[in-house]
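Here is a short set of exercises to work through with the model open beside you. Try each task before reading its solution.

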Amino acid sequence: MLRHLKDFLVKKIPRYGLGIIFLLIVNLLQLIVPQILKFVTDSILTETITDLDLIQYATLILITGVGLALLRYGWRATISYTAADIETWVRDKLFRHLVNMPQNFYHENKTGDLMAHATNDINTIKRTFSMGIVMSFDAVFVTVSTVIVMFGTTNVTMTLIALLPLPFIALVVVLMGRQIHRKFRSVQEGFAILSDKVQESFAGIEVIKSFAQEEENLADFNQKNHENLRRHLDLVKTHTMQNTLINFIGSLSMILGILIGGYANIKGIITLGDLVAFLQYLEMLFWPMRAFGMFANMIQRGSASIGRINRILDTPNELRDNKTIMQPKDSSIRVEDLSFTYKGEKEATLKNISVDIPAGSSLGIIGHTGSGKTSFIDLLTRLYNIPRGKIYIGEVDINDISIKDTREIIGSVPQDVFLFSREIKDNIAFTAREFDMDRVVASAKTAKVHDEIMGFPQGYETLLGERGVNLSGGQRQRTAIARLLYKDSPVMIFDDSLSAVDTKTESQILQALQAESDKYSRIVISHRVSSLIHLDHIIVLEEGCIIEEGTHQELLERGGTYARLYRKQQLEEQILQHTVPREGASYE
């Protein structure tokens, strides 16, 4: 259960040990107070107490109280700080693991569930290793030490009878602990479902509004919210029942103590001071009785959360570097007979792909939606495992190059552009180790977005909303292109990254990139033939296969799929250029 925490916890044993020592001293000091009250009570009854004795007893109680306060602060600060340290360490370990996981992991795990792991589950683990640890040691030590003192200072028969209900508390804890574990896991899963719904709703709020689905979305949210409430109430019922039974059994112990102690005092078997001390010790035992239940509940919750975190951490990262790492001699790319099938699918997405991309050259990829264009790019950027002997960079198998080095060599603008909630300049200089404003501006100018950025009141310091929501689609794409240009990778991939840009601006960007073609290789994926005309080599994909390849002119002369697509797009452009609607007319 603690396999992922074990090494870290071992390092924290000294600090935990210090906190527990403080805690145990507090518990020992608490045992002194009933004895003081016993002596004071008996002395008052026998009229042997003096004013000096009262001052001494009062001073002793004050010193004990101050000591208890300082030591309580000591154990709370020590153990709570250690628990916060554990929380930070676990969150860092989980985040590091998640960041390094391959793309298919995120296809199989929802964002809301991962967020629940990183928040609720880790907070529960923190509470388990703070108050859970305290309650366990506190309950055991207080119980054992108090019972020993009671046997040593009070009538043994009385003590045994008063403690008879205690085994029933252990029985309640064991029987109901399993239910709490199961129901808390259900609560965490319900929270994950709710988190995923909230995240999805906020991310897709534009679609929800455009289709007037606010009420339907709210109804779905309410259904999940009430299901989450139901799971919580189910857990609360079980937890409340456990606490109620424990408190009831504890009350029985106190009632027995009063009856037995009062009878013994009346019969002269014990003094009134003995009775006061005896009842004080029984009251002290009442806390660990409740603590056993709280501790059991917390341990069950912690166990459920650790189990959920372990499930994530135990998921192997199939995408990792080989032990032997090599450096490619250049940025040339060679693909040989590459086929690829996504996990869980039967049919291959890519079939027998072979292509050469010499350093400094350009490749265009065109094909219908679902033809395998983006999958090909995902393999080049090592988002998935690749069979050996299929892709080479600088004549080195891509599996022998570190993932980090591969992504340093190959940079890309993905089809689904993502911008961070930062200033525009920080988005462009995303990969910068040292910020260079001149380079930011130069990249933006090449991407033909500089003038529009300067049109904002804050210019490059404009803070973007989530995913760059305050930019248009074309502005987001060009900002992402500027980010790639700033990175200045030897191989640059543009995955349909000009689809939201008008043809004139597209032509300007492509010409600017063409002017610097000697610096890097380019791979351009596009539905527009106009984006590929000036590239060195073009491949046409269909159902994962290369059905045509060559230069733009060669493909036109061949009169195949590429040529038909080119003629169709030319015709569409001519229609758009020459068709002007009459005043007052509209197109349906």
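**Exercise 1.** In which helix is isoleucine 424 found? Work out its surroundings too.

*Solution.* Before starting, note that this is a predicted model, in which local features need pLDDT of at least 70 and side-chain atom pairs count only at pLDDT 80 or more, while totals for chains, interfaces and linings use all residues. Residues are numbered from 1 along each chain as its sequence is written, and side-chain values use heavy atoms, with hydrogens and water left out.

Step 1: isoleucine 424 belongs to helix α13, residues 424-428. Helices here are DSSP runs of H or I with at least four residues, strands are runs of E with at least two, and both are numbered from the N terminus.

Step 2: isoleucine 424 counts as buried because its relative accessibility is 1%. The classes are buried under 20% relative accessible area, exposed over 50%, and partly exposed in between, using a 1.4 Å probe and protein chains only.

Step 3: look at the contacts (heavy atoms within 4.5 Å). Leaving aside neighbours within four places in sequence, isoleucine 424 touches Ile453, Phe456, Gly459, Tyr460, Thr462 and Leu464.

**Exercise 2.** Describe the setting of strand β3 and name the strands that pair with it.

*Solution.* Step 1: β3 spans residues 362-367, and 6 of its 6 residues are buried.

Step 2: take the faces one by one. Ser362, Gly364 and Ile366 lie on one side, Leu363, Ile365 and Gly367 on the other, and all are buried. As a reminder, side chains in a regular strand alternate between the two faces of the sheet.

Step 3: find the partners, where pairing requires at least two DSSP bridges between two strands. β3 pairs in the parallel sense with β8 (residues 521-525) over 4 bridges, and in the parallel sense with β9 (residues 537-542) over 5 bridges.

Step 4: use glycine 364 as a marker. Glycine 364 stands opposite valine 524 in β8 and opposite isoleucine 538 in β9.

**Exercise 3.** Lay out the open sheet of 4 strands and find its edges.

*Solution.* Step 1: the strand order is β2-β1-β4-β5, with antiparallel pairing.

Step 2: β2 (350-357) and β5 (396-397) are the edge strands; each has a single partner strand, so one side of each lacks a neighbour in the sheet.

Step 3: β1 (residues 333-340) and β2 run antiparallel and are joined by 5 bridges. Isoleucine 333 has isoleucine 357 in β2 as its bridge partner.

Step 4: check the backbone. Aspartate 337, in strand β1, has a positive phi of about 50° although it is not a glycine. With a relative accessible area of 37%, aspartate 337 is partly exposed. Glutamate 395, in the loop between β4 (391-393) and β5, also has a positive phi, near 65°. Glutamate 395 is partly exposed, at 44% relative accessibility.

**Exercise 4.** Which stretch has a pLDDT below 50?

*Solution.* Step 1: begin with the whole chain. Its mean pLDDT (the predictor's confidence in each residue, from 0 to 100) is 82, and 95% of its residues reach 70 or more.

Step 2: the stretch is residues 582-588, which has 3 contacts in the model beyond near neighbours in sequence. Where pLDDT is low, the predicted coordinates should not be read in detail.
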